[in-house]
Amino acid sequence: MPYVVTQSCCADASCVVACPVNCLHPAPGEPGFAEAEMLYVDPDSCVDCGACATACPVDAVVPHTALTPDQEPFRQLNADYFAVFPHRDRTPLAVVPRQRRLRASGPFAVAVVGAGPAGLQVADELLRHPEVTVDVLDRLPTPYGLVRSGVAPDHQATKQVERLFAMIEDQPGFGYLLGVEVGRDVRLAELAGAYDAVVYAVGASADRRLDVPGEDLAGSVAATDLVGWYNGHPDRRALAVDLSHERAVVVGNGNVALDVARVLTLDPAVLAGTDVSTEALAVLRTGGVREVVVLGRRGPAQAAFTVPELVGLRGLAEAGRLEVVVDTGGEALGTTPRERVLAEIAALPRPAAGTPRVVLRFLTRPVEVLGDAAGERVTGLRVERTRLVEVDGRVTAVATGLTEDLATGLVVRSVGYRGHPVTDLPYDDVTGTVPHERGRVRTGVYVAGWVKRGPTGFIGTNKTDAQETVEVLLDDLDVGHRADAVDGPAARARRTDLRRRLRRESGALDLAAWRRLDAEERRRGEVLGRPRVKVLDPGEAAAIARGGRDRSLRDYAVRTPGAVVARGRRAARRG
Ligand code: NAP
């Protein structure tokens, strides 16, 4: 079996079209593609050409001879998929997908709101058309959305998708207006008057609530906030996170819950080699969390975490870096890949005493966040055992009345993200998304990513999502439907005025500015043996981005923990 897709697969399907023998599945358009946890290589069809590995933006496809022990389980996982879904049609897909051409003559300019994976995929799809230029706006002075502030710092391989983003940025016609809040600094009407189309890809950054008493006590935090905190998101860096308690409880058992459980239990020395926020790392170093209980209200078969993430957890357990306890609540483990990996984890020998522990506890739901006598701080979580019943074809957890109190000072609510109303756009309060038809909100106004489909899928899912939205947008341009009825030259003049205003009034940053900040973060990281050191202070970030001289690298090393090592390395390199 020559090539294997491994854990950090982003499912963007670049590998699928690169394969000359159509051995990667599920492919776009095939049943299951949208929900697939990862893509798989058919061991019997792979011809070992390596085209998929070359195409993969995150180095997730590796030859079987190069699998690390952590990646080894993926050999079987890849093969197992084809035992269930043989995909017998091996007609090669077009290596170069047929390129649609615009019938209407341009030039066209599109504003994309949001510089995360969804927005950048939209820009990429648009820039395949030489008639189109794109300005990508973002509220933050830095692009890449959840890749920068959501992906767990110990998943650096996933963050390699930034290389793909840099290639998108390098295309002619691409521009940034970073540090601009659409809805405040500029409204849709103004964008629509200056661009032929406006695409919102603003994500779903709010948290869903538990709706149990006590969830607003100090010490009860949303995973969205905690994840932003350890990733240095400017809005969340000041979050007060008390890690002085031995046990933390995470409610919900999706991939975010596993990210949080790992980050809270990982050796800070390991995290120190990542791009984790330096401020959060200082708190994690002094923290005393020894156990994280991850609660799933349903059973192991219904867990929301994906198999690749579970395999990653097993890798940590096998390496003796983490004890992982599987508490099924009495539910027998079945034969799905997820349950098989859980059974393998449960069978691992117990590690040395004192090893941090993650407990995957099922059939347990939160009832109340318990507080101290003053009613201020979390002291525990009251949970209730559930049992499973099928309602309208869905396995659902129902209460049993059996409750128990778990002592803890930190409750993390990891029950999914949620979109919030977007200024100037309609909003569906039930789904937390903007109502649309195949991405079109109305002529000239479109959505992509989580604000369109809700908070599901992986980084690569945004590629097919963006393709759908852009297809509809191009259809509209082809028949002369634009955001506003302004003719080309007038719109161009408005764009120029708008860009000038946003630079002057909002300090909008362009691609060159981002590249300066990016280079500085990477340089600071190199000094300390880290991929990057994020500049957390927005003022400092803006100063660096604008090219103002900030602290010299040498000064930075001197003032930063690890400076002695860093200075030593620099001296050695010079020598
Ligand atoms: P998620 O996958 O939707 O999981 C939400 C979890 O919360 C589920 O276990 C759900 O249980 C539970 N839940 C919801 N309401 C609850 C309640 N009232 N009480 C108790 N439990 C409740 O959300 P997520 O973990 O935030 O992830 C969001 C998306 O990002 C997912 O598509 C995920 O795969 C993706 N992601 C991927 C990666 C990766 O690939 N490495 C990393 C992070 C995130 P029920 O199933 O019973 O509703």
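Here is a short exchange about a predicted model of a protein with a ligand.

Visitor: Why is Asp-392 called exposed?
Guide: Exposed means over 50% relative accessible area. Asp-392 has 80%, so Asp-392 is exposed. Asp-392 sits in the loop between strand S16 (378-391) and strand S17 (394-407). Its phi is near 50 degrees, a positive value in a residue other than glycine.

Visitor: Why is Arg-438 called partly exposed?
Guide: The class lies between 20% and 50%. Arg-438 has a relative accessible area of 43%, so Arg-438 is partly exposed. Arg-438 also has a positive phi, near 50 degrees. The loop that holds Arg-438 runs between strand S19 (417-418) and strand S20 (440-442).

Visitor: What makes the pair between Arg-298 and the ligand a polar contact?
Guide: The cut-off is 3.5 Å between N or O atoms. An N or O atom in the Arg-298 side chain is 2.8 Å from a ligand oxygen atom. The pair therefore counts. Asn-253 has a polar side-chain atom 2.9 Å from a ligand oxygen atom. For Asn-255 the distance is 3.1 Å. The protein covers 80% of the 920 Å² of accessible area that the ligand has on its own.

Visitor: What classes of residue make up the shell around the ligand?
Guide: Nine are nonpolar, eight polar and six charged. Helix H10 (residues 255-265) gives the largest share, three residues.

Visitor: How do you know how confident the predictor is?
Guide: The confidence scale, pLDDT, runs from 0 to 100. The protein's mean is 91, and 94% of its residues reach 70 or more. Over residues 549-575 the pLDDT is below 50.

Definitions and conventions:
Residues numbered from 1 in each chain as written. Heavy atoms only, no water. Polar contact = N/O pair within 3.5 Å; in protein donor to acceptor, adjacent residues only side chain to side chain. Areas by Shrake-Rupley, 256 points an atom, 1.4 Å probe, with all protein chains shown as cover. Helix = DSSP H or I, 4+ residues; strand = E, 2+ residues; numbered from the N terminus. Nonpolar A, V, L, I, M, F, W, Y, C, P; charged D, E, K, R; others polar. Contact = heavy atoms within 4.5 Å. Buried < 20%, exposed > 50% of the residue type's maximum accessible area, 1.4 Å probe, protein only.
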